[in-house]
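Hi there,

Here is the structure I promised to pass on to you. Please have a look at it first, and then read my notes below.

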Amino acid sequence: MKTFVALFAVIAVASAIGDYHQHVYQHEPTGKPIPIVHSESISNHDGSYKFGYESANGIAAQEQGFVKNGGSKDHEVQVAHGSFSYTDPHGHPVSVSYVADENGFQAKGSHIPTPPPVPKELIDAYAKAASQPQHHEPEPQHYVPQPQAYGKHSY
């Protein structure tokens, strides 16, 4: 009986895997392929590069990059500048430009949400707080942490 249950479980799992792969990979493209009307790609030995493309339906992208501080082991940074554009499903043009460097990825576009401006009252409060003398409590001198050996605890 145990053999029958085990065999039934193996067959059930095998058939489920077969169904999963059959459904996942049966994506057929809809409509005609969209031709690429422009494409370029350049890579240089110094780490700089440039690429761009545009499709017949108006999707476009371009990027160029270089290595900043090349040869300086701890200060090398890959820098990229680029943009892409397309038309959203509602017919509105969308355009994004970006920079990626040692300060992270910064994107700009009219559709990207931005935080509201900081209220003047808050700016004034920060300025007032910054202009006040800083009062720091000195660390108590009576407590000196004692090193402890690994695995030994004092309770």
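What follows is a short tour of what turned up, from the overall fold to a few individual residues.

Please keep in mind that this is a predicted model. The mean pLDDT of the chain is 80, with 73% of its residues at 70 or more. Confidence varies between the elements: helix α1 (residues 2-24) has the lowest mean pLDDT, 52, while β2 has the highest, 96. Over residues 1-7 the pLDDT falls below 50, and beyond near neighbours in sequence this stretch makes 0 contacts in the model. Where pLDDT is low, the predicted coordinates should not be read in detail.

As for the overall layout, the chain contains 2 helices and 6 strands. Their order along the sequence is α-β-β-β-β-β-β-α. Of the 155 residues, 10% count as buried. The chain exposes about 13900 Å², and 61% of that area comes from carbon and sulfur atoms. If you take the contacts between residues at least 6 apart in sequence, 11% of them join residues at least 24 apart.

Next, the charged pairs. Side chains of opposite charge can pair when their charged atoms come close. Searching the whole structure gives 2 salt bridges.

One of them brings together the side chains of E102 and K68, at 2.8 Å from N to O. This pair links distant parts of the chain, 34 residues apart: E102 sits in the loop between β5 (93-101) and β6 (104-108), and K68 belongs to strand β3 (residues 60-68). E102 is partly exposed, with 42% relative accessible area, and K68 is partly exposed as well, at 32%.

The other salt bridge joins the side chains of D124 and K120, at 3.0 Å from N to O. Here the partners are both in helix α2 (residues 120-131), and because they are 4 residues apart, about one helical turn separates them. An α-helix has 3.6 residues a turn, so residues three or four places apart point the same way. K120 is exposed, with a relative accessible area of 58%, whereas D124 counts as partly exposed at 38%.

Helix α2 itself has 12 residues and reaches 16 Å from its first C-alpha to its last, close to the 16 Å expected at 1.5 Å a residue. The number of buried residues among those 12 is 0, so α2 lies largely in the open.

Now to the nonpolar side of things. Which residues form a nonpolar patch on the surface? They are I36, Y53, I59, F84 and Y86, which together have about 430 Å² of accessible area. Y53 lies in strand β2 (residues 49-55), the element with the highest mean pLDDT. Its relative accessibility is 36%, so Y53 counts as partly exposed.

G58 is worth a look alongside the patch. This glycine is found in the loop between β2 and β3 and counts as partly exposed, at 35% relative accessibility. Leaving aside residues up to four places away in sequence, G58 touches S85 and Y86, and Y86 is one of the patch residues. I36, also in the patch, is 22 residues from G58 along the chain, and the C-alpha atoms of the two are separated by 9.7 Å.

Happy to talk it through whenever suits you.

Best wishes

Definitions and conventions
Residues numbered from 1 in each chain as written. Heavy atoms only, no water. Patch = residues over 30% accessible without salt bridge, like charges linked within 9 Å, V, L, I, M, F, W, Y side chains within 5 Å. Areas by Shrake-Rupley, 256 points an atom, 1.4 Å probe, with all protein chains shown as cover. Salt bridge = Lys/Arg side-chain N within 4 Å of Asp/Glu carboxyl O. Buried < 20%, exposed > 50% of the residue type's maximum accessible area, 1.4 Å probe, protein only. Contact = heavy atoms within 4.5 Å. pLDDT = per-residue confidence, 0-100. Expected span 1.5 Å × (residues − 1).
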